[in-house]
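Q: Could you go through this structure with me before I get back to the bench? I have a handful of loose questions.

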Amino acid sequence: MLGGKLLMWSDNQTARDLLNFQHVADIAAERIFGAKGQPLSIGISGGWGMGKSSMMELLHIALQQRVAEQVMAHSSAEAAGLDSEPPDEIRFVHFNAWLYQGHDDARAALMEAIAQSLVDHAEKKEDQFGAAVVKKAKGLLSRVKWFRVASMTAGAGLAMYTGSPLPLMYSSMVTAGSGLLDGDLSSGDVEKLKTAYESISKEGKDLLTAKKEEEKIATTTPPKAIDAFRTDLQATLKEMKITLVVLIDDLDRCLPETAIATLEAMRLFLFLDRTAFVIAADEDMIRESVRVHFKGALLSEGMVRSYFDKLIQLPFRVPPLGTQDVRAYLMLLFIDASDLRSDRKDEIRDAVCMRLGQTWNGARFDRAFVLETIGDACPPDLRSRIAIADRIAPILTSSPEIRGNPRLIKRFLNSLALRASLADRQGVSVDEEVLMKLLLFERCGTAEAYGALLSTVNESTDGHSSKLKAMEDAVRGETSAPLDKPFDDAFVRDWLLLDPPLGERDLRAAAYVSRDNFAIIGRPDELSPEALEILDALLAATQPSPPLTEKTKALSFRDAAAIMDRILIKAGEETRWGVPAILNGALAVASVDERHARELSSFLASRPGPQLEAGIVPRVIQLPWGKDLLRLWSNKTDLSVPMRKRVDRELT
């Protein structure tokens, strides 16, 4: 079962091509190399969750491979005594506008990211480039600092010249007291807040000094500063023999102001030699940002559309996934999570992608092909999951709730894995295929129909739904009875035809671990009225509530266990673990019994490292099992820098 070995798929971009996008990334890489130093802008567009970031990562790798091939060819030519010009180096700058939203000016942030990248590279190879090049690269950073000063509002600029600290106070206080904002407040933060005011005047003097230094070279206005930055950047790239590739991602997650500011910032550097910009964004979101940004202006649809188009020389669109693609994606996800050797996984993935490229002319791609490719070494559990993928692919492709979206498909599989794990942890025997089929109904059907379906299970004494059996018989041609509301739609018909049929199965165990939309799924008397009331209050709690915690402690172990199960299912939907509201309810139940505390601790320990935020540490460090949990987190290799620092600080 999935629960025996908890399989979870990350929502981050991947360097493993499970979507058959490599050929698109290779073409984009060829175009950048083919430009031979001429400026180029590439757009990777597609809907939310369709794989834009993964395609950008594949492009990054494809470019690195081509650089390595050119270096090898140059070395071979030199060894043979042939004249050969060494290839340009490629310097990558990854810029995520979403991370700067609300914290920095997009133009200055992008300029600083570019300048800092060149400074790091120049300092690393100072023996090769010389001190003059390093100084020129550092000069770029100096111009960025001046630009930040010059870009302030007139009021802030006046404040600097007159000595008033108010505008600068905000930045210093925010920096010093960041713990107030992320929930990670410590005694050190308090001390920083205490001394922040004293540093404000120094901050202003430093910025003024930077401004005066720039004035010495006649850069007295933002346009001149930008023009000087462009000139120095191009000269620095030429001297360092570098092609700069700027990868801009998550633009469609930004608020309109940030999205447009980033595009405007990018426009400042377009058409510079030795530069290539790659922008991943949902075109529809960008167009909506343009409408919001220019609200009140009479913009035609063509003008809105052309705003983004004019920035992009070479547009690529992430292709939508059809049924064959979704089937392959599901199977490759299961194969990637299996115990097969890594090299064998790569061979299978290559074979699947090659076959997908041949399906247009009738080449067969199905479960049989994949099993033949894997061969006799296919483990039984993997064989079963490939069969599941084969069956559910058409529904995941056609359902309006998923439509073949890779991110939503992974969330569907993660939810399935979590429920299987909960069943395994509680000793509940449930068929993985039954869990999958119920989850499919929950995610793709209407809430009314799903509730009605589970109600038929609740009302039976043995977990067999006579209503479900009658509907299955109707759609499979054994009776002519029509489907009544709320089951009379195309999705329900397709779902009822999907194997395995559930009408003659005891669904109580599967419903028990699939009760996301119900306080409790089972006999109506499974929870007392008092317990149901407490459950509702715990799910709604946004802050710790001592009175509610005391009420929870009065529950029986059985009621508290059922409530903890429900809370953990809901908690599994969280993707950011700072101080989510659901944590309040979970901690209240954990206080009832040590066994509930262990269950919550195990759940928190299994959260992926990138989801954990420093704000959660103060909440758990006070608990009896808090230090043990922090030790488990400290073993994770993918914690964010703030989370790593906070955990290490508490443990040492």
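A: What follows is a short walk through the fold, the cysteines, the cavities and a few single residues, and please keep in mind that this is a predicted model.

Q: Ok, overall build first: how many helices and strands are there in the chain?
A: The chain holds 32 helices and five strands.

Q: And what percentage of the residues count as buried?
A: Of the 652 residues in the chain, 49% count as buried.

Q: What about the area the chain exposes, and what share of it do carbon and sulfur atoms supply?
A: About 31,200 Å² is exposed by the chain, and 53% of that area is supplied by carbon and sulfur atoms.

Q: How much of the contacts comes from residues 24 or more positions apart?
A: Among contacts in the chain with a separation of 6 or more, 77% are between residues 24 or more positions apart.

Q: Switching to cysteines, how many disulfides does the count come to?
A: The count comes to zero disulfides, taking a disulfide as a pair of cysteine sulfur atoms within 2.5 Å.

Q: Is Cys353 buried or exposed? And Cys378, buried or exposed?
A: Cys353 has a relative accessible area of 12% and is therefore buried, the cut-off for that being under 20%. Cys378 is buried as well, with a relative accessible area of 7%.

Q: Now holes: how many cavities of 30 Å³ or more are there?
A: There are two cavities of 30 Å³ or more; the largest has about 40 Å³ of space, and the second largest has about 30 Å³.

Q: Which residues line the largest cavity, and which helix gives the most to that lining?
A: The lining of the largest cavity includes Leu538, Gln543, Pro544, Leu548, Asn584 and Ala588. Helix 26 (546-553) and helix 28 (582-590) each supply at least two of the lining residues, and helix 28 gives the most, with three.

Q: How do the residues of that lining divide into nonpolar, polar and charged?
A: For the largest cavity, the lining divides into five nonpolar residues, five polar residues and no charged ones.

Q: And what lines the second largest cavity?
A: Its lining is made up of Leu18, Leu19, Asn20, Leu321, Asp325, Ala328, Tyr329 and Leu356, which divide into six nonpolar, one polar and one charged. Helix 15 (residues 323-336) contributes the largest share of that lining, three residues.

Q: Different topic: where does Thr236 lie, and is it buried or exposed?
A: Thr236 lies in helix 11 (residues 222-240), and because its relative accessible area is 0%, Thr236 counts as buried.

Q: Which residues is Thr236 in contact with?
A: Setting aside its neighbours within four places in sequence, Thr236 is in contact with Leu118, Lys136, Ala137 and Leu140.

Q: What about Gln611, where is its place?
A: Gln611 sits in the loop between helix 29 (594-605) and helix 30 (617-621).

Q: Then why does Gln611 count as buried?
A: Gln611 counts as buried because its relative accessibility is 18%, and the cut-off is under 20%. Leaving aside neighbours within four places in sequence, Gln611 is in contact with Glu574, Thr575, Arg576 and Trp577.

Q: Last one, Glu288: which helix is it found in?
A: Glu288 is in helix 13 (residues 283-293), and at 41% relative accessibility Glu288 counts as partly exposed. The C-alpha atoms of Glu288 and Pro256 are separated by 7.7 Å, with the two residues 32 apart along the chain.

Notes. Residues are numbered from 1 along each chain as its sequence is written. This is a predicted model: local features need pLDDT of at least 70, side-chain atom pairs count only at pLDDT 80 or more; totals for chains, interfaces and linings use all residues. Side-chain values use heavy atoms; hydrogens and water are left out. Buried means under 20% relative accessible area, exposed over 50%, partly exposed in between (1.4 Å probe, protein chains only). On a 1 Å grid over the protein atoms alone, a cavity is a set of points where a 1.4 Å probe fits but cannot get out, and a pocket is an open set with protein on both sides within 12 Å along at least five of seven lines; lining residues have an atom within 4 Å of a point. Grid points are joined across faces, edges and corners, and a volume is the space filled by probe spheres set on the points. Helices (H or I, at least four residues) and strands (E, at least two) are DSSP runs, numbered from the N terminus. Ala, Val, Leu, Ile, Met, Phe, Trp, Tyr, Cys and Pro count as nonpolar, Asp, Glu, Lys and Arg as charged, and the others, Gly among them, as polar. Contact means heavy atoms within 4.5 Å. Accessible areas come from the Shrake-Rupley method with a 1.4 Å probe; for residues, only the protein chains shown count as cover.
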